[in-house]
Amino acid sequence: VRPKASVLVVIEIDGQALKFKQDGALFANNVEVAILAMDESGKIRDGSKDVAELKLRPETHAAVLKNGVRLTRRLQIPPGTYQLRIGARESGGGLIGSVMYDLDVPDFSKADLAMGGLLLASASAGRMPTANPDPDFKDILPGSPTAIRDFPTGDELALAVDIYDNKVATPHRVEIRTSVTADNG
């Protein structure tokens, strides 16, 4: 049995499209999200159905309308090729949306040294409230990981990446360097 990888799925929803109902001093809406990870044979390897019950104070409601809302979900799947199928529905206006995403999950135990995918957080992306922050990153990143990849000039970025060093029998050093390069080089 191959070990399972932990895959973080970050879903960001446009807040202007959400229809909130005012309930006293709060603004309410439920966002239902279903995620399936299907392998190449069509077998569902992991998935979930979650409902984010949004009951927002006026200041958070304003932030969601302006910046959107983020949801996260962790999947446990063995290395392989998958199609993620993600669907979302909000109760306030009945809007629905879906996306399919092809995902390759490498076996990080095979190479002497391997690097997982980059997770980014930024000051500007931090303006988007996260309904269910992933607890694994609270001590690593200054905010929730974001799917956004365009950042305003002067934004402050933070990144996290898993490094898999499988050559533990021989003492050695691993040097990590990071650089950011603009489109024009």
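**View 1. Arginine 177 and glutamate 175 pair up in a salt bridge.** Let's start with this pair, whose closest N and O atoms are 2.5 Å apart. Both partners sit in the open: arginine 177 is exposed, and so is glutamate 175. As you look around, please keep in mind that this is a predicted model.

**View 2. Isoleucine 176 belongs to a nonpolar surface patch.** Isoleucine 176 is found in the segment that follows strand S11 (163-165). Its relative accessible area is 54%, and because the cut-off for exposed is over 50%, isoleucine 176 counts as exposed. The patch also takes in Leu113, Met115, Ile163 and Val174, and its area is about 440 Å².

**View 3. Arginine 89 and glutamate 32 bring distant parts of the chain together.** In this salt bridge, the N to O distance between the two side chains is 2.9 Å. Arginine 89 comes from strand S6 (residues 80-90) and glutamate 32 from strand S3, with their positions 57 residues apart in the chain. Arginine 89 is partly exposed, at a relative accessible area of 40%. Take in Lys49 as well, and you have a network of salt bridges that links Glu32, Lys49 and Arg89. As background, side chains of opposite charge can pair when their charged atoms come close. How many salt bridges does a search of the whole structure find? The count is nine.

**View 4. Glutamate 59 meets arginine 57 in another salt bridge.** Here the side chains come to 2.8 Å, N to O. Glutamate 59 has a relative accessible area of 48%, which makes it partly exposed.

**View 5. Helix H1 has its buried residues on the same side.** Which residues of helix H1 (residues 58-67) are buried? They are His61, Ala63 and Val64. These residues cover an arc of only 160 degrees around the axis, so they lie on the same side of H1. A handy reminder: an α-helix has 3.6 residues a turn, so residues three or four places apart point the same way. The packing partners of the buried residues of H1 are strand S3 (26-39), strand S4 (44-56) and strand S5 (69-77). Just after H1 comes glycine 68, with a positive phi of about 95 degrees.

**View 6. Phenylalanine 20 is a buried loop residue.** This side chain belongs to the loop that runs between strand S1 (5-13) and strand S2 (21-23). With a relative accessible area of 15%, phenylalanine 20 falls in the buried class, because that class means under 20%. Leaving aside residues up to four places away in sequence, phenylalanine 20 touches Phe27, Ala28, Asn29, Leu54, Leu56, His61, Val64 and Leu65. Two of these names, His61 and Val64, may be familiar from the buried residues of helix H1. For a sense of scale, the C-alpha atoms of phenylalanine 20 and aspartate 155 are separated by 30 Å, and the two residues are 135 residues apart along the chain.

**View 7. Serine 144 shares a polar contact with threonine 130.** The two side chains are joined at 3.1 Å. Serine 144 lies in the loop between strand S9 (119-122) and strand S10 (157-160). Is serine 144 buried or exposed? Serine 144 is buried, as its relative accessible area is 18%. Beyond the residues up to four places away in sequence, serine 144 touches Arg70, Leu120, Ala121, Thr130 and Pro133.

Conventions:
Residues are numbered from 1 along each chain as its sequence is written. This is a predicted model: local features need pLDDT of at least 70, side-chain atom pairs count only at pLDDT 80 or more; totals for chains, interfaces and linings use all residues. Side-chain values use heavy atoms; hydrogens and water are left out. Patches are made of residues with over 30% relative accessible area and no salt bridge: like charges are joined within 9 Å, nonpolar side chains (Val, Leu, Ile, Met, Phe, Trp, Tyr) within 5 Å. Accessible areas come from the Shrake-Rupley method with a 1.4 Å probe; for residues, only the protein chains shown count as cover. A salt bridge is a side-chain nitrogen of Lys or Arg within 4 Å of a carboxyl oxygen of Asp or Glu. Helices (H or I, at least four residues) and strands (E, at least two) are DSSP runs, numbered from the N terminus. Buried means under 20% relative accessible area, exposed over 50%, partly exposed in between (1.4 Å probe, protein chains only). A polar contact is a pair of N or O atoms within 3.5 Å; within protein, one must be able to donate a hydrogen and the other to accept it, and residues adjacent in sequence count only if both atoms are side-chain atoms. Contact means heavy atoms within 4.5 Å. The arc is that of the directions from the helix axis to the C-beta atoms.
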